[in-house]
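Here is a briefing for a reader who wants the main structural points quickly. Please look over the sequence and the model first.

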Amino acid sequence: MTDIIKAVKKDIEDEHAAIIQYLYHAYASPDEELRGKLESIARDEMRHFKWLSEWLVKSGHKPTLKRSEVISRGDLKSLIEADVKAEEEAIRQYIYHKTLTDDDELLTLFDRIIADEKSHWEEFFKILDELNAIPPGAEPLENQKPEESTSELTESQAAILQQALEHEYTSILQYLYHHFTINSGEELEDFAIDEMKHMGWFAETLAEKGFQPELIHSAMESEAGPEQSVKSDLAREIDAIEKYSSAKDKFEDEEIRDLLDLAINHEKYHAESLKKMIEKYEKLSGKRFTIGSLRKETEK
Ligand SMILES: [Fe+2]
Ligand SMILES: [Fe+2]
Ligand SMILES: [Fe+2]
Ligand SMILES: [Fe+2]
């Protein structure tokens with residue numbers, strides 16, 4: 001593997017870590033405006049992750065779903081300090097990686113990303129300044145409970161939401177991987193964005209109710225061909241629909257029930273679109289599939 005390929009892989013793993021680190025910090029923030037800012041920076045990192053992965057695949061290499069270290073715990077100020085450092089590191093690394101290539105497309109991409117990281121650095125720095133400006137003796141931001149935390153969650157309800165979050169995180173990665181490796185237009189990428197929203201709902205609900213969301217994912221199936229990949233995506237959607245439907249009965253909180261309903265509706269839409277994709281593949285290969293045969297195939 002050439003140096004530049006290794007370098008881009010490292011960049012992708014760092015971008016993946018940045019997405020997750022900023023989401024963690026967003027969920028740890030009791031302030032809605034700050035949460036929005038952090039989530040929007042995480043979305044920028046997702047674009048970087050995607051552009052670099054697309055470049056890697058175009059250059060004939062497999063995408064990577066590995067992730068570098070993430071700083072997820074600490075008081076809000078120390079978290080934002082870590083974010084300022086992460087951006088400084090990223091800027092330094094991209095400037096260095098520019099010296100390893102003369103690929104014009106990649107150089108342009110690096111420049112675009114460096115510009116973004118600089119603006120992130122400034123934003124984090126401003127946030128840190130504001131946190132430092134809170135007068136001594138005032139209630140620190142992270143001790144202020146968000147207003148909406150009225151009803152409580154039981155341990156077993158929190159476990160259900162944590163499991164749903166893990167399912168969503170795995171789906172995000174799986175859809176992105178399949179988006180990079182299967183030529184399917186924008187659809188799978190759109191699904192990844194939907195799943196990112198779902199993950200955010202579950203994580204925010206956990207954080208609001210005083211639980212620490214864990215951004216971890218399950219094992220992924222990434223080496224299958226296009227048809228098998230889409231089938232395993234469909235099996236995951238059907239699984240989510242079933243799990244979320246039975247989870248709904250375990251909650252009385254109307255807001256959580258509404259979130260689950262909305263997620264179920266999105267997953268149904270994903271499932272329908274995937275079925276159409278599979279039908280197209282089946283037409284090409286002259287086979288037929290049923291949900292029963294699909295289950296058997298993916299359980300193998
Ligand atoms: Fe980035
Ligand atoms: Fe950044
Ligand atoms: Fe989802
Ligand atoms: Fe879905």
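The points below cover the metal sites, the aromatic pairs, the nonpolar core, the domains and one histidine.

This is a predicted model. The domain assignment splits the protein chain into domain 1 (1-144) and domain 2 (151-300). Glu195 bridges the iron ion (ligand 4) and the iron ion (ligand 3). Glu45 coordinates both the iron ion (ligand 2) and the iron ion (ligand 1). The largest nonpolar core has 79 residues, and both domains give residues to this core.

**Iron ions, ligands 3 and 4**

- The iron ion (ligand 4) takes its protein donors from Glu195 (OE), Glu237 (OE), Glu237 (OE), Glu267 (OE) and His270 (ND1). These donors lie 1.9 to 2.4 Å from the iron ion (ligand 4).
- Along the chain, the donors of the iron ion (ligand 4) follow the spacing E-x41-E-x29-E-x2-H.
- The iron ion (ligand 4) and the iron ion (ligand 3) lie 3.9 Å apart, with Glu195 as the bridge.
- Helix 8 (residues 254-285) holds both Glu267 and His270. The two are three residues apart, about one turn of the helix.
- Glu267 has a relative accessible area of 1%, so Glu267 is buried. His270 is buried too, because its relative accessible area is 0%.

**Iron ions, ligands 1 and 2**

- Glu45 (OE), Glu87 (OE), Glu87 (OE), Glu117 (OE) and His120 (ND1) coordinate the iron ion (ligand 2), at 2.0 to 2.5 Å.
- For the iron ion (ligand 2), the donor spacing along the chain is E-x41-E-x29-E-x2-H.
- The iron ion (ligand 2) and the iron ion (ligand 1) are 3.9 Å apart, and Glu45 coordinates both.
- Glu45 in helix 2 (residues 32-58) and His120 in helix 4 (residues 104-132) link distant parts of the chain, 75 residues apart.
- Glu45 is buried, and His120 is buried.

**Aromatic pairs**

- The structure holds seven aromatic pairs.
- One of them joins Tyr22 and Phe124. The ring centres are 4.9 Å apart and the planes of Tyr22 and Phe124 meet at 55°, so this pair is tilted.
- Tyr22 lies in helix 1 (residues 3-28) and Phe124 in helix 4, so the pair ties together parts that are 102 residues apart in sequence.
- Both Tyr22 and Phe124 are buried.
- Phe191 and Tyr269 form an edge-to-face pair, 6.5 Å centre to centre with 85° between the planes.
- Phe191 sits in helix 6 (residues 187-208) and Tyr269 in helix 8, so this pair links distant parts of the chain, 78 residues apart.
- Phe191 is buried, with a relative accessible area of 2%. Tyr269 has 54% relative accessibility, so Tyr269 counts as exposed.
- Ring pairs link Tyr175, Phe191 and Tyr269 into a cluster.

**Nonpolar core**

- The largest nonpolar core has 79 residues. Val8, Leu52 and Leu215 have the most contacts inside it.
- At least two residues of this core come from each of helix 1, helix 2, helix 3 (76-98), helix 4, helix 5 (155-181), helix 6, helix 7 (226-248) and helix 8.
- Helix 1 gives the most to this core, with 14 residues.
- Domain 1 and domain 2 both give residues to this core, so the core lies between them.
- Leaving aside residues up to four places away in sequence, Leu215 touches Ile20, Leu23, Tyr24, Tyr27, Arg67, Leu165, Tyr169 and Met199.

**Domains and their contact**

- The C-alpha centres of domain 1 and domain 2 lie 25 Å apart.
- Domain 1 has 20 residues in contact with 22 residues of domain 2.
- About 2000 Å² is buried between domain 1 and domain 2. Carbon and sulfur atoms give 66% of this area.
- Tyr27, Met46 and Leu65 supply 33% of the area that domain 1 buries against domain 2, more than any other three residues.

**His167**

- His167 lies in helix 5.
- His167 has a relative accessible area of 11%, so His167 is buried.
- Leaving aside residues up to four places away in sequence, His167 touches Arg236, Asp239, Ala240 and Tyr244.

Technical notes: Residues numbered from 1 in each chain as written. Chains lettered and ligands numbered in written order. Predicted model: local features only at pLDDT ≥ 70, side-chain atom pairs only at ≥ 80, totals over all residues. Heavy atoms only, no water. Donors = N, O, S within 2.8 Å, 3.2 Å for Na, K, Ca; no water. Helix = DSSP H or I, 4+ residues; strand = E, 2+ residues; numbered from the N terminus. Buried < 20%, exposed > 50% of the residue type's maximum accessible area, 1.4 Å probe, protein only. Phe/Tyr/Trp six-rings, centres within 6.5 Å; stacked < 30°, edge-to-face > 60°. Core = buried A, V, L, I, M, F, W, Y, C linked by side-chain atoms within 4.5 Å. Domains from an automatic or database assignment. Contact = heavy atoms within 4.5 Å. Buried area = accessible area lost by both parts, 1.4 Å probe.
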